[in-house]
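Please open the structure in your viewer, with the sequence panel visible, and follow the stops below in order. Each stop gives a selection to make and then describes what is there.

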Amino acid sequence: MSRFLVDRASIENVNVVQQEVELEPPPNVVNEFNPNEIETNELSNILQRKDLNIVNAMELVDVVKARLGTMRESGWNNFFADVQGFCVAKSILVPNMDDEIPVRGRSRAEGRTITNLHHYRAEIFYVAIDKICVEMDHRFSEGSNIILDCFSCLDPKNSFSKFDVDKLARLADIYHADFSDDDRGTIRDQLETYVLQVRRNASFSTCEDVQSLAMKMVQTEKHLVFPLVYKLIELALILPVSTASVERAFSAMKIIKSKLRNKINDVWFNDLMVSGDIQVTYDIDIIRTFTAKKSRKGHLPRNFI
């Protein structure tokens with residue numbers, strides 16, 4: 001956002017300043033201004049892990065939403081002070097926040113003006129945060145939050161303190177294809193018996209997450225005694241794979257399945273996916289060989305070579 005605070009006249013008249021604004025800020029310069037971006041990055045990283053801890057993910061989602069709300073309400077002054085410090089360090093002129101400018105999207109003949117403060121705070125700062133919040137609400141809809149909240153009840157920490165029979169039994173209704181009518185009728189009794197037994201078993205007190213809980217159930221053969229509970233644990237473990245990994249697969253699939261190939265059958269598509277992986281490997285080898293032959297104006301990054 002720092003580049004929005006640069007005086008337009010200085011950009012037009014001084015090419016050096018323009019280069020500093022466009023080229024010098026590093027990719028993570030926003031982190032220098034926005035401490036909440038670090039928390040958002042942590043949320044993004046944990047949601048993309050295959051060994052996702054659902055409880056940690058839910059806590060981070062709530063924390064990020066709360067911090068974004070706090071930043072919108074009272075974070076402008078600190079943010080603007082950081083941007084000013086950045087601009088001073090880069091010799092970038094900062095416009096006077098009390099100066100008035102024409103309203104964008106309106107004719108100048110109307111004579112409507114707003115202050116720079118209103119423009120940068122209301123039309124840029126608030127709008128950017130609102131868009132992030134809307135995207136988070138879209139990604140973590142009410143239905144998704146309900147499922148994650150129900151799965152978080154499997155957390156074995158503090159002697160299964162978050163265990164909730166009603167929420168876990170609700171998962172059997174949500175995943176109705178994986179549970180028969182008889183299963184949905186008996187899962188409550190099995191959950192109540194399960195939680196009493198694992199709380200009395202000292203070996204389960206060392207479990208820290210759902211992954212270790214699943215391993216302990218197999219070691220103690222509890223997965224045979226409580227098959228419905230173990231099925232819920234399996235669903236909790238494959239949930240990250242069914243979200244982040246599948247999204248990555250569909251993103252990569254768009255490279256192969258273009259508009260001209262939108263009606264190919266599965267066999268042909270699978271063959272193209274395999275050949276695409278091989279082609280990418282060959283392309284990289286060709287690029288490296290071509291680059292090593294002669295010095296070029298453009299050089300590949302060192303980590304690529």
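Begin by selecting phenylalanine 160, which counts as buried because its relative accessibility is 2%, under the 20% cut-off for that class. Phenylalanine 160 belongs to helix α9, made of residues 157-160, and although it is not a glycine, its phi is positive, at about 55°. Please keep in mind throughout the tour that this is a predicted model.

**The whole chain**

Now zoom out and colour the model by secondary structure, which comes to 16 helices and two strands. If you colour by accessibility instead, 32% of the 305 residues of the chain count as buried. Among contacts between residues at least 6 apart in sequence, 56% join residues at least 24 apart.

**Helix α6**

Select residues 76-89, the 14 residues of helix α6, and place a distance label between the C-alpha atoms at the two ends. At 1.5 Å a residue the helix should span 20 Å, and the end C-alpha atoms are 20 Å apart, so the expected and modelled values agree. Next show the side chains of Trp76, Phe79, Phe80, Val83, Phe86 and Cys87, which are the buried residues of α6. These residues cover an arc of only 120° around the axis, and therefore they lie on the same side of α6. Turn the helix to its other side, where Asn77, Asn78, Val88 and Ala89 are exposed. Following α6 along the chain then brings you to serine 91, whose phi is positive and near 60°.

**Helices α8, α10 and α11**

Two packed helices are described by the angle between their axes and the distance between the axes, and this stop offers two such pairs. First select helix α8, residues 142-151, together with helix α10, residues 165-174, which pack at an angle of about 130° with their axes 8 Å apart. With that angle, α8 is oblique to α10. To see the contact itself, show Ile146, Ile147, Asp149, Cys150 and Phe151 of α8, and opposite them Lys167, Leu168, Arg170, Leu171 and Ile174 of α10. The crossing of this pair, α8 and α10, is left-handed.

Keep α10 selected, hide α8 and add helix α11, residues 181-200; the axes of α10 and α11 come within 10 Å and cross at roughly 150°. That angle makes α10 roughly antiparallel to α11. On the α10 side, the residues to show are Val165, Asp166, Leu168, Ala169, Ala172 and Asp173, which meet Arg184, Ile187, Arg188, Leu191 and Glu192 in α11. Here α10 passes α11 in a right-handed crossing.

**Helix α12 and lysine 216**

Move on to helix α12, residues 210-219, which contains lysine 216. Which residues of α12 are buried? They are Val210, Leu213, Ala214, Lys216 and Met217. Because their arc around the axis is only 165°, these residues fall on the same side of α12. On the other side of the helix, Met215 and Gln219 are exposed. If you now display the helices against which the buried residues of α12 pack, you will have α9, α11, α13 and α14 (227-238) on screen.

Centre the view on lysine 216, whose relative accessible area of 18% makes it buried. Leaving aside residues up to four places away in sequence, lysine 216 touches Ser203, Phe204, Thr206 and Cys207. For one of these, threonine 206, you can also draw a line between C-alpha atoms: it lies 10 residues from lysine 216 along the chain, with a separation of 9.3 Å.

**Beyond α12**

Select glutamate 221 in the loop between α12 and α13 (222-225). Glutamate 221 is not a glycine, yet it has a positive phi of about 60°. Its relative accessible area is 49%, which means that glutamate 221 is partly exposed.

Finish at asparagine 270, found in helix α16, residues 266-293. At 45% relative accessibility, asparagine 270 counts as partly exposed. Add isoleucine 256 to this last selection: asparagine 270 and isoleucine 256 are 14 residues apart in sequence, and their C-alpha atoms are 9.9 Å apart in space.

Notes. Residues numbered from 1 in each chain as written. Predicted model: local features only at pLDDT ≥ 70, side-chain atom pairs only at ≥ 80, totals over all residues. Heavy atoms only, no water. Helix = DSSP H or I, 4+ residues; strand = E, 2+ residues; numbered from the N terminus. Expected span 1.5 Å × (residues − 1). Buried < 20%, exposed > 50% of the residue type's maximum accessible area, 1.4 Å probe, protein only. Arc of directions from axis to C-beta. Axes fitted to C-alpha atoms, helices over the stretch in contact; angles between N-to-C directions. Parallel < 35°, antiparallel > 145°, perpendicular 65-115°, else oblique. Left-handed = near helix turned anticlockwise from the far one by under 90°. Contact = heavy atoms within 4.5 Å.
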